[in-house]
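Trainee: Give me a close look at one part of this model, please. I would like the strand pairing, with whatever packs or bonds around it.

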Amino acid sequence: MLLATADLVDRYGDDLQSCDLQLRQLGGRRAFAGPAVTISCHLDNGLVKATLNEPGAGRVLVVDGGGSLHTALMGDMIAGAAVAHGWAGVVIHGAVRDSAVLATLDLGVKALGTNPRKSAKDGVGSRDVVVEFGGARFTPGALVVSDDDGVVVLPAQVTPAEIGLA
């Protein structure tokens with residue numbers, strides 16, 4: 001069983017990073033965890049779509065959209081692809097759309113909020129880079145855990161088995 005973020009904070013203290021943003025819980029999977037894949041993009045979800053159409057193998061996509069709520073970086077079609085390809089969840093420092101459908105999918109989704117407006121699809125941005133938001137630093141491959149209490153990034157020495165992730 002996956003350890004709760006509060007228990008992880010109690011166990012690892014200052015060695016663990018906690019995202020201070022009050023991200024909304026929008027997916028059907030309320031608790032999720034996995035190694036991070038990172039994207040930095042702004043008003044363009046081309047990289048998000050391409051990445052979530054790759055095998056996820058239980059990973060978590062962390063997207064730094066600069067905190068913009070102007071356009072959605074993921075909707076039901078892209079989220080559906082993420083489920084089909086085995087992603088555990090998506091954490092977006094930005095907006096999503098189709099929230100009623102996202103809530104029915106077996107996918108963890110955390111985002112700042114929603115906006116029905118589509119984003120550009122040019123693929124502008126960077127993948128597998130360090131992204132930082134909410135006082136947390138997300139590096140590619142770092143273990144990310146999310147539940148109703150928040151999102152945490154575990155210290156590098158922590159193994160998936162130690163947190164209840166098979």
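Mentor: Start with β3 and strand β7 (residues 126-127). The two pair in the antiparallel sense, over two bridges. Ser40 of β3 stands opposite Ser126 in β7. Keep in mind that this is a predicted model.

Stay on β3, which covers residues 32-40. Seven of its nine residues are buried, and the strand is mostly covered. β7 is one of its partners. Another is β10, which pairs with β3 in the antiparallel sense over four bridges. There, Ala33 stands opposite Val145 in β10. A further partner is β4, residues 60-64. That pairing is parallel and has five bridges. Ala36 of β3 stands opposite Val60 in β4. To get from β3 to β4, the chain crosses through α2, and this β-α-β crossover is right-handed.

Now follow β10 away from β3. This strand spans residues 143-147, and four bridges join it to β11 in an antiparallel run. Val145 turns up again here. This residue, opposite Ala33 on the β3 side, also stands opposite Val152 in β11. The link from β10 to β11 is a hairpin through two residues.

β11 covers residues 150-153. Its residues alternate. Gly150 and Val152 point one way, while Val151 and Val153 point the other way. All of them are buried. β11 also has strand β1 (residues 17-18) as a partner; two bridges join them, and they run antiparallel. Gln17 stands opposite Val153 in β11.

Go back to β4 and walk the other way. Five bridges join β4 to β5, and these strands run parallel. The bridge partner of Val62 in β5 is Val91. The chain crosses from β4 through α3 to β5, in another β-α-β crossover that is right-handed.

β5 deserves a pause. Is it enclosed or open? Eight of its eight residues are buried, so the rest of the structure largely encloses the strand. β5 also joins β6 through six bridges, in a parallel run. Val91 appears again, opposite Lys110 in β6.

Next, what packs around these strands. The largest nonpolar core has 23 residues, and Leu52, Leu61 and Met74 touch the most other members. At least two residues of this core come from each of β3, α2 (46-52), β4, α3 (76-84), β5 (89-96) and β6. Both crossover helices are on that list: α2, between β3 and β4, and α3, between β4 and β5.

Take Leu61 as the probe residue. Beyond its neighbours within four places in sequence, Leu61 is in contact with Val37, Ile39, Val48, Thr51, Leu52, Trp87, Gly89, Val90 and Val91. Another core, of 16 residues, lies apart from the largest one; among its members are Cys19, Val91, Phe133 and Ala136. Val91 therefore needs care in your bookkeeping: this residue touches Leu61, yet is counted in the 16-residue core, where membership rests on side-chain atoms within 4.5 Å. As background, nonpolar side chains tend to be buried together in soluble globular proteins.

Last, the charges. The whole structure has six salt bridges. In one of them, the side chains of Asp106 and Arg29 meet at 3.0 Å, N to O. This pair links distant parts of the chain, 77 residues apart. Asp106 lies in the loop between α4 (99-102) and β6 (108-114). Arg29 lies in the loop between β2 (24-25) and β3. Asp106 has 47% relative accessibility, so it counts as partly exposed. Arg29, at 26%, is partly exposed because buried requires under 20%.

Two further pairs can be listed briefly. Glu132 and Arg137 meet at 2.9 Å, N to O. Glu132 is partly exposed at 48% relative accessibility, and Arg137 is partly exposed at 40%. Arg97 forms a salt bridge with Asp98, with the closest N and O atoms 3.7 Å apart. Arg97 is partly exposed with a relative accessible area of 25%, and Asp98 is partly exposed at 28%.

One network brings you back to the starting point. Salt bridges link Glu54, Arg127 and Asp128. Arg127 belongs to β7, the strand of residues 126-127 that pairs with β3.

Definitions and conventions
Residues are numbered from 1 along each chain as its sequence is written. This is a predicted model: local features need pLDDT of at least 70, side-chain atom pairs count only at pLDDT 80 or more; totals for chains, interfaces and linings use all residues. Side-chain values use heavy atoms; hydrogens and water are left out. Buried means under 20% relative accessible area, exposed over 50%, partly exposed in between (1.4 Å probe, protein chains only). Two strands pair if DSSP finds at least two bridges between them. A salt bridge is a side-chain nitrogen of Lys or Arg within 4 Å of a carboxyl oxygen of Asp or Glu. Contact means heavy atoms within 4.5 Å. A crossover is right-handed if, with the strands pointing away from the viewer, the path from the first strand over the helix to the second runs clockwise.
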